[in-house]
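Q: I'd like to learn how to read a structure like this one. Could you walk me through it, feature by feature?

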Amino acid sequence: MHDMNTLLLVSFAGLLSAGDNWVATLLLPNIANDFASTIPQASIVLTAYLIPYGAMQPIYGHYSDQYHKKYVLMLLMCGLSLTTFLCSVAPSLYTLTAFRFATGLFAAGIVAVSLGILGEHYDREILPKFVSLFLGIIFLGQGISAGIGGIVIQSFSWRTILAAFSILSLLSFSSLCRLTKKSSLSAATPFLPSLKTLLEDKQLSLAYLLAFCNGFITLGMYSYLGAYLIEILHVPYTNTGFLLMLFGVMCFWAGYINKYLLKHFSRDHLVRIGFLSTWAALLLLIFENTPATLLAIILLGIGYIFIQSILASTTLHTSTHKGLSSGIIGIAIFGGGGLGTYVNSLILGTFYFPALILFLLVLESIIVFASFKIKISGNAV
């Protein structure tokens, strides 16, 4: 199969996995209204999804090493389609919460297994290119969704949107039949010893830690960029959506040019450039004006992909446990983003945006300094 076809097939699956939570977030007011509840009460559907989504990624990654990743991914997409459809017909908030929990169980492994498939299909030299494009496509799709989401929500009910999402997931399931099946499988090993083996590798542990820090700072800040644009810069809602879309566009663009930059820069240099881009973006946000914020969003997208593509591809260089390693990097990225979002909410609730940006800028300064003192990418075992 052509290399780009493999990338597109798993990217479509990854996009739907990441977008499933986005859909529920935007539909929350409609869901609350339909069930005669408040938005805080209805937000239980978000928690029900995120708990299994975060916890199950390494587990799916581990077992995908022992079974064909193609079939594991197909099973997950089929389950995502079924449970999302059940959400669309849920008769009460309680049943919707249960179905969202089931949806999170299936969605959890899709990004991790997809990364594992990329690690199996592509050689070490070109793997960063495809990982960066994979992540870029996911964020590009989410960015486009942010741009047009308001229009869609005004035209259709939350049940119709989830039903459509279920159909898209079923289409992805069908398309995955075209994936090439790799014949090499890891010997069956218990989960905890396999996890211990990976975490004892200093190079891998460093990559997991840096991925967590990148998710904590970049995704944690991105979660509140909309509020920053609206409340600080007084940007209209429609324009805010399109400005947030720029983050996804830059993620995709950075993923595309990564293959050319790797011909002239080492992987360590690209990661450092990424951290410096994020630092510069946070610095620009301090000025609280639209042109500076526009440039900050561009730098955030570039920095995020430069860092995460190199780190994710580094953790896939293991001779065994590629799926488990991709699961750990997945939970590091999105778990870091989730924790960053929570910590940032506490700071915003007490000190507001200037203190939040200063806090993140100090953290990023420490990481930038540390990145020049350590070797980031290496030969994992």
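Q: Let's start with two helices that touch. Which residues in helix 10 meet which residues in helix 16?

A: Before anything else, keep in mind that this is a predicted model. On the helix 10 side you'll find L210, C213, F216, I217 and M221. Facing them in helix 16 are L356, F359, L360, L363, E364 and I367. Sort the residues of this contact by character and you get 10 nonpolar, no polar and 1 charged.

Q: At what angle do helix 10 and helix 16 pack, and how far apart are their axes?

A: The angle is about 155°, and the axes lie 11 Å apart. Helix 10 covers residues 202-222 and helix 16 covers residues 353-371. Since angles over 145 degrees count as roughly antiparallel, that is why helix 10 is called roughly antiparallel to helix 16. The crossing also has a hand: helix 10 passes helix 16 in a left-handed way.

Q: Can we try another pair? What are the angle and the axis distance for helix 6 and helix 15?

A: Helix 6 (residues 93-121) packs against helix 15 (residues 322-351) at about 130°, with 8 Å between the axes. That angle makes helix 6 oblique to helix 15. As for the hand, this crossing is right-handed.

Q: Which residues make the contact between helix 6 and helix 15, and how do they divide by type?

A: Helix 6 brings V111, A112, L115, G116, G119 and E120. Helix 15 answers with K322, S326, G327, I329 and F334. By type, the contact has 5 nonpolar, 4 polar and 2 charged residues.

Q: Now for the rings. How many aromatic pairs does the structure hold?

A: There are 7 of them. To read one, look at the distance between ring centres and the angle between the planes. Take Y228 and F353: their centres are 5.5 Å apart, the planes stand at 75°, and the pair is edge-to-face. Y228 sits in helix 11 (residues 225-231) and F353 in helix 16, so the pair ties together parts 125 residues apart in sequence.

Q: Are Y228 and F353 buried or exposed?

A: Go by the relative accessible area, where buried means under 20%. Y228 comes out at 0%, so Y228 is buried. F353, at 2%, is buried too.

Q: And what kind of aromatic pair do F247 and Y304 form?

A: That one is tilted, with 6.4 Å from centre to centre and 50° between the planes. It links distant parts of the chain, 57 residues apart: F247 is in helix 12 (residues 237-261) and Y304 in helix 14 (residues 290-315). F247 is buried at 0% relative accessible area, and Y304 is buried at 0% as well.

Q: Which residues form one aromatic cluster with F247?

A: Y222 and Y304 do; together with F247 they make up one cluster.

Q: Let's turn to the backbone. Which sign of phi do most residues other than glycine have?

A: Negative, so a positive value deserves a second look. H234 has a positive phi of about 60°, and it is not a glycine. You'll find H234 in the loop between helix 11 and helix 12, where it is exposed, with a relative accessible area of 63%.

E288 is another case: its phi is positive, about 55°, and again the residue is not a glycine. E288 belongs to the loop between helix 13 (267-285) and helix 14. Its relative accessible area is 35%, so E288 is partly exposed.

Q: How about zooming in on single residues? Which residues is S17 in contact with, leaving aside its neighbours within four places in sequence?

A: With that exclusion, S17 contacts Y49, Y53, A107, I110 and V111. S17 lies in helix 1 (residues 3-34) and counts as buried at 1% relative accessibility. You've already met V111, by the way, as part of the contact between helix 6 and helix 15.

Q: And what does T315 touch, not counting residues up to four places away in sequence?

A: L204, A207, Y208, S325 and I329. T315 is placed in helix 14 and is buried, with a relative accessible area of 0%. Now compare spacing along the chain with spacing in 3D: T315 and S326 are 11 residues apart along the chain, and 6.9 Å separates their C-alpha atoms.

Methods:
Residues are numbered from 1 along each chain as its sequence is written. This is a predicted model: local features need pLDDT of at least 70, side-chain atom pairs count only at pLDDT 80 or more; totals for chains, interfaces and linings use all residues. Side-chain values use heavy atoms; hydrogens and water are left out. Axes are lines fitted to C-alpha atoms, for helices over the stretch in contact, and angles run from 0 to 180 degrees between N-to-C directions. Helices (H or I, at least four residues) and strands (E, at least two) are DSSP runs, numbered from the N terminus. Angles under 35 degrees count as roughly parallel, over 145 as roughly antiparallel, 65 to 115 as roughly perpendicular and the rest as oblique. A crossing is left-handed if the near helix is turned anticlockwise from the far one by less than a right angle, and right-handed if clockwise. Contact means heavy atoms within 4.5 Å. Ala, Val, Leu, Ile, Met, Phe, Trp, Tyr, Cys and Pro count as nonpolar, Asp, Glu, Lys and Arg as charged, and the others, Gly among them, as polar. Rings of Phe, Tyr and Trp (its six-membered ring) pair if their centres lie within 6.5 Å; planes under 30 degrees apart count as stacked, over 60 as edge-to-face and the rest as tilted. Buried means under 20% relative accessible area, exposed over 50%, partly exposed in between (1.4 Å probe, protein chains only).
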